[in-house]
Amino acid sequence: MATAIFESVPNFSIGKDIETVKLVANTFQSIEGLQLLHVDTDKDANRTVYTLLGEKKELLQGFKEVMPVIMEKVNMQQHQGVHPRIGACDVCPFIPFKEATKQDAIALSKEVAQLFWDKFKIPSYLYGWSAQTKHRISIANCRYGEYEGLQDKLVTPEGKPDVGDAVFSSKYGLSIIGARDFLIAYNINIEGVNAKTARLIAGRLRASGILIKENGEYIRNPGRFGFLQARAWFLEERKQMQITTNVLDYKENSLFSIYRACQHEIGTYGGKVTSSHVVGMLPLAALQQKETSSLPIEEQVKHAITELGLDLYDRFVPSLKILEFAT
């Protein structure tokens, strides 16, 4: 019987302390059989995303070894960054990769959440496929109020954790753990517009859209892409305005269509798109399109890198960014 392999993409609230970022990476790499494919650190977000690949036992051991490092080095009372967050290990998804099913990933996510509570006394919300209620399918719903609102949230019926007791840890917060399909964290860098305009454009693109006032009442006007989450922020470290997105289904909402739509929207306000950036890794199929399908794979990838400006923000190395090339 083939062994089930999972991808896991834990998001830790570390990004300014580079020594801790490296220590976590080294700890994951010390686990026999566990592959650390990529590390993506953002100082403005004060956040680091690790891309892992391994069997259930390897991933469990990895978190057993890494969490004590996080608990020693991270203090959420002092954490600041542009990215929303609710805990030291903010989000931890599990994705079925090879010979693993959706149900396998759900079971693993629940086991890790139980590990966090039993061993470290960190409660969890279960999201995505693992959600116990419809409301908690969305990370945004789970994270509502963020770390600053967590203490008050935990004492309400709606804020009760799915795993662990409703105990507020001022140092570690809470973790959001679940199973899901491939998600692409995709950021588009822009210039020539202010923050208010950038937020408006993000609203026009994302599925949830924007609130508009009509006949004295506010109604929600859906955005262009049904499988896109988006918001805008300014990156102080790079002096860069950015529309940051999560592409929930790249087959329905391609990176190319999102990039072009952003170019069009920004252009109407006299601004422009300068580059884009993939946080973590992505499947090869996300960089392929019908127009270039007759080309060799390597040429298709080169064309995508150029069209999406992926090499203009940070160096895009296919062997480090594309899952099939890295494994």
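The questions and answers below go through helices, single residues and a pocket of a predicted model.

Trainee: Which residues of helix H3 are buried?
Mentor: Helix H3 covers residues 102-120. Buried means under 20% relative accessible area. In H3 the residues that count as buried are Ala 105, Ile 106, Leu 108, Ser 109, Val 112, Ala 113, Leu 115, Phe 116, Trp 117 and Phe 120.

Trainee: What do the buried residues of H3 pack against?
Mentor: The partners include a helix, H2. The others are strands. In full, they are strand E1 (5-8), H2, E5, strand E6 (124-128) and strand E7 (175-179).

Trainee: How many Å does H3 reach from its first C-alpha to its last?
Mentor: H3 has 19 residues. At 1.5 Å a residue, 27 Å is expected. The span in the model is close to that, at 27 Å.

Trainee: Which residue just after H3 takes a positive phi?
Mentor: This residue lies in the loop between H3 and E6. Its phi is about 60°, although it is not a glycine. The residue is Lys 121.

Trainee: Is Lys 121 buried, partly exposed or exposed?
Mentor: The limits are under 20% for buried and over 50% for exposed. Lys 121 has 49% relative accessibility. Because that value lies between the limits, Lys 121 counts as partly exposed.

Trainee: Where does Asn 215 lie, and is Asn 215 buried or exposed?
Mentor: Asn 215 lies in the loop between E9 and strand E10 (217-221). Asn 215 is not a glycine, yet its phi is positive, about 55°. The relative accessibility of Asn 215 is 77%, and the limit for exposed is over 50%, so Asn 215 counts as exposed.

Trainee: Why does Arg 85 count as buried?
Mentor: Arg 85 lies in the loop between helix H2 (56-73) and strand E5 (89-98). Beyond four places in sequence, Arg 85 is in contact with residues including Ser 13, Arg 47, Asp 90, Glu 146 and Glu 148. Arg 85 counts as buried because its relative accessible area, against a limit of under 20%, is 3%.

Trainee: Which side chain makes a polar contact with the side chain of Arg 85?
Mentor: Contacts of Arg 85 include Met 76, His 79, Arg 143 and Tyr 147. The polar contact is 3.0 Å. The side chain that joins Arg 85 there is that of His 79.

Trainee: What covers the buried residues of H6?
Mentor: Helix H6 spans residues 195-205. Its buried residues are Thr 197, Ala 198, Ile 201, Ala 202, Gly 203 and Leu 205. The cover includes strand E8 (184-191), strand E9 (210-214), strand E11 (228-235), strand E12 (240-247) and helix H7 (255-267).

Trainee: Which residue has a side-chain oxygen within 3.3 Å of the backbone nitrogen of Lys 196?
Mentor: Look at the start of H6. The pair joins a side-chain oxygen to a backbone nitrogen. The oxygen belongs to Asn 194.

Trainee: Which residues does Ala 185 touch, not counting residues up to four places away in sequence?
Mentor: Ala 185 is in strand E8. At 17% relative accessibility, Ala 185 counts as buried. Ala 185 touches Thr 245, Asn 246, His 277, Val 278 and Val 279.

Trainee: Which residues does Gln 240 touch, not counting residues up to four places away in sequence?
Mentor: Gln 240 is found in strand E12. Gln 240 counts as buried, at 14% relative accessibility. Gln 240 touches Asn 189, Ile 190, Trp 233, Phe 234, Leu 235 and Thr 274.

Trainee: How many Å separate the C-alpha atoms of Ala 304 and Gln 289?
Mentor: Ala 304 is found in helix H8 (residues 297-307). Ala 304 is buried, with a relative accessible area of 1%. Its contacts beyond four places in sequence are Phe 256, Leu 287 and Leu 310. Ala 304 and Gln 289 are 15 residues apart along the chain, and their C-alpha atoms are separated by 8.5 Å.

Trainee: Which elements give two or more residues to the lining of the second largest pocket?
Mentor: This pocket has a volume of about 370 Å³. Of its 16 lining residues, the closest to its centre are Tyr 127, Gly 128, Ile 137, Arg 180 and Leu 248. The elements that give two or more residues are E6 and helix H4 (139-143).

Methods: Residues are numbered from 1 along each chain as its sequence is written. This is a predicted model: local features need pLDDT of at least 70, side-chain atom pairs count only at pLDDT 80 or more; totals for chains, interfaces and linings use all residues. Side-chain values use heavy atoms; hydrogens and water are left out. Buried means under 20% relative accessible area, exposed over 50%, partly exposed in between (1.4 Å probe, protein chains only). Helices (H or I, at least four residues) and strands (E, at least two) are DSSP runs, numbered from the N terminus. Contact means heavy atoms within 4.5 Å. A polar contact is a pair of N or O atoms within 3.5 Å; within protein, one must be able to donate a hydrogen and the other to accept it, and residues adjacent in sequence count only if both atoms are side-chain atoms. The expected span of a helix is 1.5 Å times one less than its number of residues. On a 1 Å grid over the protein atoms alone, a cavity is a set of points where a 1.4 Å probe fits but cannot get out, and a pocket is an open set with protein on both sides within 12 Å along at least five of seven lines; lining residues have an atom within 4 Å of a point. Grid points are joined across faces, edges and corners, and a volume is the space filled by probe spheres set on the points.
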